[in-house]
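Reader: Please take a close look at one part of this predicted model, and describe how one helix packs against another and what surrounds that region.

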Amino acid sequence: MTDPQPIDSYRHQGLRKLLVQNIRQKGISDEQVLTAMEKVPRHFFFDSSFLEYAYEDKPFPIGAGQTISQPYTVAFQTRLLQIKKGEKVLEIGTGSGYQACILAEMGARVFTIERQKTLFDKTSKFLIQLGYNTIKTFYGDGYKGLPAFAPFDKMIVTAAAPYIPDLLLDQLRVDGTLVIPVGQYDTQIMTTIIKTASGSFEKKEHGVFRFVPMLGDRARDK
Ligand code: SAH
């Protein structure tokens with residue numbers, strides 16, 4: 001038996017409009033991003049007992065010690081990606097699947113990797129149930145990327161990365177952009193890296209954010 005589709009009521013739609021207004025007031029003016037955020041029902045990604053928190057501009061626990069990112073952070077990272085329809089985008093850190101749906105709504109071809117098996121299983125199934133069957137989910141270590149599907153036009157890391165993994169840069173196409181929060185401790189610097197035709201990388205920093213840490217990659221552990 002399949003689970004029933006969750007319901008997107010007028011009340012939820014109204015709350016979502018207010019959330020989008022709130023994000024706009026905080027300085028995000030990219031209409032493509034705001035439209036996608038108005039479309040995707042964030043409350044679908046919450047357990048039913050916590051629905052009232054879904055339209056606050058806050059991160060929230062999604063189980064397995066992980067969180068769904070704050071809506072403002074989702075908007076900020078997505079804006080930095082500058083998505084164009086049809087682009088191939090790799091997400092590291094599927095989590096609830098919310099960010100992947102925002103990218104899919106913007107016309108991206110989304111590939112997303114999750115390190116935790118329980119979350120991977122739950123979210124992969126849920127995305128299909130919601131009808132987002134173009135999103136390709138993978139269970140694995142995001143530090144390694146997805147070489148079999150490279151190159152990617154864009155990449156987004158949604159967990160705190162202690163450093164910028166070379167393997168991800170290798171899998172980025174020329175002129176492609178990687179958006180990644182870099183930092184080992186409490187806070188990270190939102191960073192964009194653009195790969196140039198000469199093979200060099202242009203790096204820019206965009207302020208301080210707070211993410212759950214990237215897991216795995218034991219080889220680098222001290
Ligand atoms: N983008 C998510 C939020 C992600 S929270 C959303 O929209 O809900 C960060 C996620 O990254 C967690 O689910 C965590 O399990 C996952 N993660 C941590 N380390 C990872 C790694 N090395 N590879 C892939 N996913 C990883």
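Author: In this predicted model, helix α3 passes helix α4 in a right-handed crossing. The contact between them is made by V74, Q77, T78 and L81 on the α3 side, and by Y98, Q99, I102 and L103 on the α4 side. Helix α3 covers residues 71-81, and its axis comes within 11 Å of the axis of α4, the two crossing at roughly 40°. Because angles under 35 degrees would count as roughly parallel, this crossing angle makes α3 oblique to α4.

Helix α4 itself, which spans residues 98-105, has 7 of its 8 residues buried, so it is largely enclosed by the rest of the structure. Those buried residues are Y98, Q99, A100, C101, I102, L103 and A104; among them, Y98, Q99, I102 and L103 belong to the contact with α3. Just after α4, the backbone at G107 takes a positive phi of about 90°.

Further along the chain lies strand β4, made up of residues 109-114, which pairs in the parallel sense with strand β5, residues 136-139, over 4 bridges. Within this pairing, T112 has T137 of β5 as its bridge partner. The connection from β4 to β5 runs through helix α5, residues 117-130, and the resulting β-α-β crossover is right-handed. Both the crossing of α3 with α4 and the crossover through α5 are thus described as right-handed, although the first term concerns two helices and the second concerns the path from strand to helix to strand.

Definitions and conventions:
Residues numbered from 1 in each chain as written. Predicted model: local features only at pLDDT ≥ 70, side-chain atom pairs only at ≥ 80, totals over all residues. Heavy atoms only, no water. Pairing = 2+ DSSP bridges. Right-handed = clockwise from strand over helix to strand, strands pointing away. Buried < 20%, exposed > 50% of the residue type's maximum accessible area, 1.4 Å probe, protein only. Axes fitted to C-alpha atoms, helices over the stretch in contact; angles between N-to-C directions. Parallel < 35°, antiparallel > 145°, perpendicular 65-115°, else oblique. Left-handed = near helix turned anticlockwise from the far one by under 90°. Contact = heavy atoms within 4.5 Å.
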